[in-house]
Every structure is written in C-alpha cells, then in structure tokens.
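Open the model in your viewer and keep the selection panel at hand. This tour goes stop by stop: what to select, then what is there.

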Amino acid sequence: ALGIFPRLSTILSLLLMSSFHERDMYVLGGGDTALRALGFILSISPGIRALSVSRALEQWKHWKEKHTFLKPVQMYTWTYRMILWQTVIIYLMSLWWKLLGTTWTSGVAVETALHHALFSRWPEFTEHFLPFLPFINYGTLAFELLWLVMLLPRTWRPIPLKLSILLLGILFHGSILVFMDAGSFSLAMMAMYIGLLREEDIAWLKKICGHFKKRTVVLYDAQCGLCVRSMFILSMCDWLKTLTWRNFRDATTQKKEAAGLKPQAMKREIHVLTSKQVYKGFY
C-alpha cells in the first residue's frame with residue numbers, strides 16, 4: 001500500500017492473495033476478485049511507481065540537487081485499456097446476472113438487500129427510504145449499462161461525461177460502503193477508477209478548479225533546511241499549483257515580490273503574499 005519496492009510488492013501481493021484464495025475459496029469475495037485482476041494488470045505494467053514512497057524519495061533527491069521535480073510518470077495506453085475493459089466487463093457481467101433472475105427486474109432487490117440480516121448495517125433506518133428504493137433498484141441497472149459509453153472513442157465521449165460516470169460510481173459504491181456490509185468490492189472498484197483517469201481528464205479538472213484559485217507567493221529561505229523540506233512537501237501536495245515559491249535571497253525576488261520587506265524579518269519568519277495582504281509567521 002505504501003509503495004516501497006512497488007513492483008516487487010505488487011507481484012508478491014498478487015501471488016500471496018491468489019494462493020490464499022485457491023487454498024480456501026470460502027473467503028474469496030468480489031473485492032478480492034477485482035483486486036486480483038487489477039493486481040495482474042499492474043504487475044506487468046510500466047510506470048506503477050508514480051504514487052509510491054520510492055518515487056517520493058527520488059523526487060526529494062532530485063529536488064535537493066536541482067530544485068525541480070522529475071518528469072511525470074506516464075501510463076501506457078494498453079494499461080489504461082486493460083483496466084477500462086476489465087471494469088466494463090465486471091459491470092456488464094453483474095448486469096447480466098441481475099437480469100437472469102426476477103428480484104432486480106421486479107424492483108425489490110435493493111429493498112431486500114437493505115433488510116438482509118447479514119448485509120444491512122441499519123435495516124431500521126432503511127424504512128425512511130422505502131418509496132425511493134425501486135428507483136435506486138432500476139438506477140443501479142442503468143448505471144451498470146451506462147459503462148458501455150466508456151468504450152466509445154474519446155471524440156464521441158466528452159471528458160465531462162466520462163468524469164460524471166466515475167462520479168456516479170463513487171456515489172454508488174460509497175453508498176454501498178455506508179449502508180451495507182458487503183466486503184471490499186466497493187473499495188476495489190474505486191481503486192480501479194484511479195487508473196481510468198487520463199492526463200487530459202486531470203488537466204480538465206485542474207482547469208475547472210483553477211477558476212477558484214488565487215495566486216499566492218511564498219518567500220522562503222533557501223539556506224534553511226526546514227524551509228526547503230517544507231517547500232518540497234507543500235509543492236508535492238499543491239495539485240492546482242496555487243503556490244509560487246521564491247527564495248527571498250534572490251536579487252530578482254527582492255526587487256519584485258519582496259520589495260518593501262526587510263531581509264531580517266524574512267529570515268526570522270516566513271512571508272506569504274496574496275493580492276490583498278502579507279501574512280507572516282508559522283500560522
């Protein structure tokens with residue numbers, strides 16, 4: 001989970017999980033099956049170190065030497081397509097099995113599940129939603145069928161539509177986590193969703209969120225180890241790039257951003273500049 005030696009840990013996790021399930025099939029659930037499929041794809045895929053501890057250590061080493069980040073790790077197209085097809089197959093097979101019986105087609109499957117003694121977390125609380133349960137029942141079938149849209153070419157499937165389907169999936173599986181004790185299937189499927197985000201999807205999200213961001217200049221001391229480490233950690237977390245870091249000892253910075261500020265004051269405490277105000281100090 002931490003991503004220490006990610007390739008080795010992914011392969012070992014897949015082998016251990018599969019061997020355990022093959023010895024005892026009674027503990028094999030939907031979440032385990034999804035994780036085994038995802039684990040196999042990741043174990044043979046390049047670039048799985050992107051969000052790992054190993055990658056973060058490499059970033060820190062590169063940052064200390066050059067004060068820049070490494071180039072982003074790109075996912076290969078075939079990896080993305082394998083994860084996409086695996087996800088679509090899971091939903092379509094789930095829909096197929098639902099349609100073979102009568103519980104889902106008659107609209108009582110969700111109500112039955114939420115009153116089940118083994119699966120429902122709050123069966124009494126479910127009584128408040130009884131009028132809406134048939135709609136949720138058929139909405140679940142429609143949601144699983146909707147995943148066929150994900151197989152359309154990108155020119156026919158705009159980014160907002162794709163992200164809306166993923167958001168529906170998060171709400172769908174999140175609701176199952178809250179109201180039902182159904183194992184790890186929801187968490188495993190939401191883990192697959194991360195692999196379905198392409199670079200243009202992230203760029204679109206950043207563009208939308210960027211309308212609300214304000215430029216903030218942080219003046220730091222490049223000769224202070226604590227300041228440099230803090231700058232590195234915050235820069236890694238600054239997904240929308242709202243923070244602009246400037247070494248106050250730099251002559252150009254002193255003329256532009258730090259004009260009117262005393263060097264001795266900037267040595268004592270950090271200064272954060274917004275369009276309206278100057279903030280000083282740790283807080």
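Is His-173 buried or exposed? Select His-173 to find out; bear in mind that this is a predicted model. His-173 has a relative accessible area of 0%, so it is buried. The residue sits in helix α7. Now show its contacts. Leaving aside residues up to four places away in sequence, His-173 touches Tyr-91, Phe-185, Ser-186, Met-189, Met-190 and Tyr-193.

**Next stop: helix α8**

Select residues 185-194, which form helix α8. Which residues of α8 are buried? They are Ser-186, Ala-188, Met-189, Met-190, Met-192 and Tyr-193. Now bring up the surroundings. The buried residues of α8 pack against α2, α4, α6 and α7, the last spanning 159-179. You have already met part of this packing: Ser-186, Met-189, Met-190 and Tyr-193 are among the residues that His-173 touches.

**Next stop: the end of helix α2**

Move to helix α2, residues 30-43, and pick Ser-43. With a relative accessible area of 12%, Ser-43 falls under the 20% cut-off and therefore counts as buried. What does Ser-43 touch, not counting residues up to four places away in sequence? The list is Arg-7, Thr-10, Ile-11 and Leu-14. Add Leu-8 to the selection and draw a C-alpha to C-alpha distance. Ser-43 and Leu-8 are 35 residues apart in sequence, yet 8.3 Å apart in space.

**Next stop: Phe-5**

Go back along the chain to Phe-5. This residue lies in the segment before α1 (6-23). Check its backbone: phi is positive, about 50°, although Phe-5 is not a glycine. Turn on the surface too. Phe-5 has 59% relative accessibility, so it counts as exposed.

**Next stop: a nonpolar surface patch**

Keep the surface on. Select Trp-85, Ile-89, Met-93, Trp-96, Trp-97, Leu-100, Leu-145, Leu-148 and Leu-151. Together they make a nonpolar surface patch of about 970 Å². Which helix gives the most to the nonpolar patch? Helix α4 (residues 77-100) does, with six residues.

Zoom in on two members. Trp-85 is in helix α4. Its relative accessibility is 48%, so Trp-85 counts as partly exposed. Leu-145 belongs to helix α6 (residues 133-146). Leu-145 is likewise partly exposed, because its relative accessible area is 46%, and the partly exposed class ends at 50%. Before leaving, draw one more C-alpha distance, from Trp-85 to Ala-56. These two are 29 residues apart along the chain and 30 Å apart in space.

**Last stop: helix α10**

Select residues 225-237, helix α10. Check its length first. At 1.5 Å a residue, the 13 residues should span 18 Å; the end C-alpha atoms are 19 Å apart, so the span agrees. Now colour the buried residues: Val-228, Met-231, Phe-232 and Ser-235. Look down the axis of α10: these buried residues fall within an arc of 100°, so they line one face of the helix.

What covers that buried side? The cover includes α3 (53-66), β1 (216-220) and β2 (243-247). Turn the helix around. Which exposed residues does the face turned away from the buried side carry? Leu-226, Ile-233 and Cys-237 are found there.

Conventions
Residues numbered from 1 in each chain as written. Predicted model: local features only at pLDDT ≥ 70, side-chain atom pairs only at ≥ 80, totals over all residues. Heavy atoms only, no water. Helix = DSSP H or I, 4+ residues; strand = E, 2+ residues; numbered from the N terminus. Buried < 20%, exposed > 50% of the residue type's maximum accessible area, 1.4 Å probe, protein only. Contact = heavy atoms within 4.5 Å. Patch = residues over 30% accessible without salt bridge, like charges linked within 9 Å, V, L, I, M, F, W, Y side chains within 5 Å. Areas by Shrake-Rupley, 256 points an atom, 1.4 Å probe, with all protein chains shown as cover. Salt bridge = Lys/Arg side-chain N within 4 Å of Asp/Glu carboxyl O. Expected span 1.5 Å × (residues − 1). Arc of directions from axis to C-beta.
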